[in-house]
Amino acid sequence: MANTMFMRVEEVAEEMGVSIPYAYKLILKLNKELEQTGCITIAGRIDRKFFCTKSTEPKKEEQDNGSV
């Protein structure tokens, strides 16, 4: 499925190693962030590039205290 623009909840759950209900919560949170930038979102799906960017981005706490 790596050739599609959007990831579905099952793929997010598998990629992150979380349950499907939790993957829905992650998608909802990321979609809210995308909406703030003016992007159109689809419930239960997340833009693959945005997801990959956010899932590899260090957490803010890690950047502040220098831990890895």
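This passage describes the fold, helix packing and salt bridges of a predicted model.

In the predicted model, the protein contains four helices and two strands, and these elements follow the order β-α-α-β-α-α when read along the sequence. Of the 68 residues of the protein, 24% count as buried. Among the contacts between residues at least 6 apart in sequence, 44% join residues at least 24 apart. The structure holds zero disulfides. With respect to the cysteines C39 and C52, C39 is partly exposed, at 37% relative accessibility, and C52 is likewise assigned to the partly exposed class, with a relative accessible area of 40%.

Helix α1 spans residues 9-16, and its buried residues are V9, E11, V12 and A13. These buried residues pack against strand β1 (6-8), helix α2, strand β2 (45-47) and helix α3. The helix is followed by G17, a residue whose phi is positive, near 70°.

The packing of α1 against α3 can be described both by the helix axes and by the residues in contact. The axes of α1 and α3 come within 13 Å and cross at roughly 20°; because angles under 35 degrees count as roughly parallel, α1 is described as roughly parallel to α3. The crossing in which α1 passes α3 is right-handed. On the α1 side, the residues that meet α3 are E11, V12, E15 and M16, while their counterparts in α3 are R48, F51 and S55. As general background to such patterns, an α-helix has 3.6 residues a turn, so residues three or four places apart point the same way.

The count of salt bridges in the model comes to two. One of them is formed by E11 and R48, for which the closest N and O atoms are 2.9 Å apart. This pair links distant parts of the chain, since E11 belongs to helix α1 and R48 to helix α3 (residues 48-56), with their positions 37 residues apart in sequence. Both partners fall under the 20% limit that defines the buried class: E11 is buried at 19% relative accessibility, and R48 is buried with a relative accessible area of 14%. E11 and R48 also appear among the residues through which α1 and α3 meet, and E11 is one of the buried residues of α1, so that the salt bridge and the helix contact involve this pair of charged residues.

The other salt bridge joins K54 to E33, with the closest N and O atoms 2.8 Å apart. K54 lies in helix α3 and E33 in helix α2 (residues 20-36), so this pair ties together parts of the chain that are 21 residues apart in sequence. Here the partners are assigned to the partly exposed class, K54 with a relative accessible area of 24% and E33 at 29% relative accessibility.

The surroundings of K54 give a further view of where α3 is placed. When neighbours within four places in sequence are left aside, K54 is in contact with L30 and E33. The C-alpha atoms of K54 and L30 are separated by 8.4 Å, although these residues are 24 residues apart along the chain. Helix α3 therefore carries a residue of each salt bridge, R48 in the pair with E11 and K54 in the pair with E33.

Conventions:
Residues are numbered from 1 along each chain as its sequence is written. This is a predicted model: local features need pLDDT of at least 70, side-chain atom pairs count only at pLDDT 80 or more; totals for chains, interfaces and linings use all residues. Side-chain values use heavy atoms; hydrogens and water are left out. A disulfide is a pair of cysteine sulfur atoms within 2.5 Å. Buried means under 20% relative accessible area, exposed over 50%, partly exposed in between (1.4 Å probe, protein chains only). A salt bridge is a side-chain nitrogen of Lys or Arg within 4 Å of a carboxyl oxygen of Asp or Glu. Contact means heavy atoms within 4.5 Å. Axes are lines fitted to C-alpha atoms, for helices over the stretch in contact, and angles run from 0 to 180 degrees between N-to-C directions. Angles under 35 degrees count as roughly parallel, over 145 as roughly antiparallel, 65 to 115 as roughly perpendicular and the rest as oblique. A crossing is left-handed if the near helix is turned anticlockwise from the far one by less than a right angle, and right-handed if clockwise.
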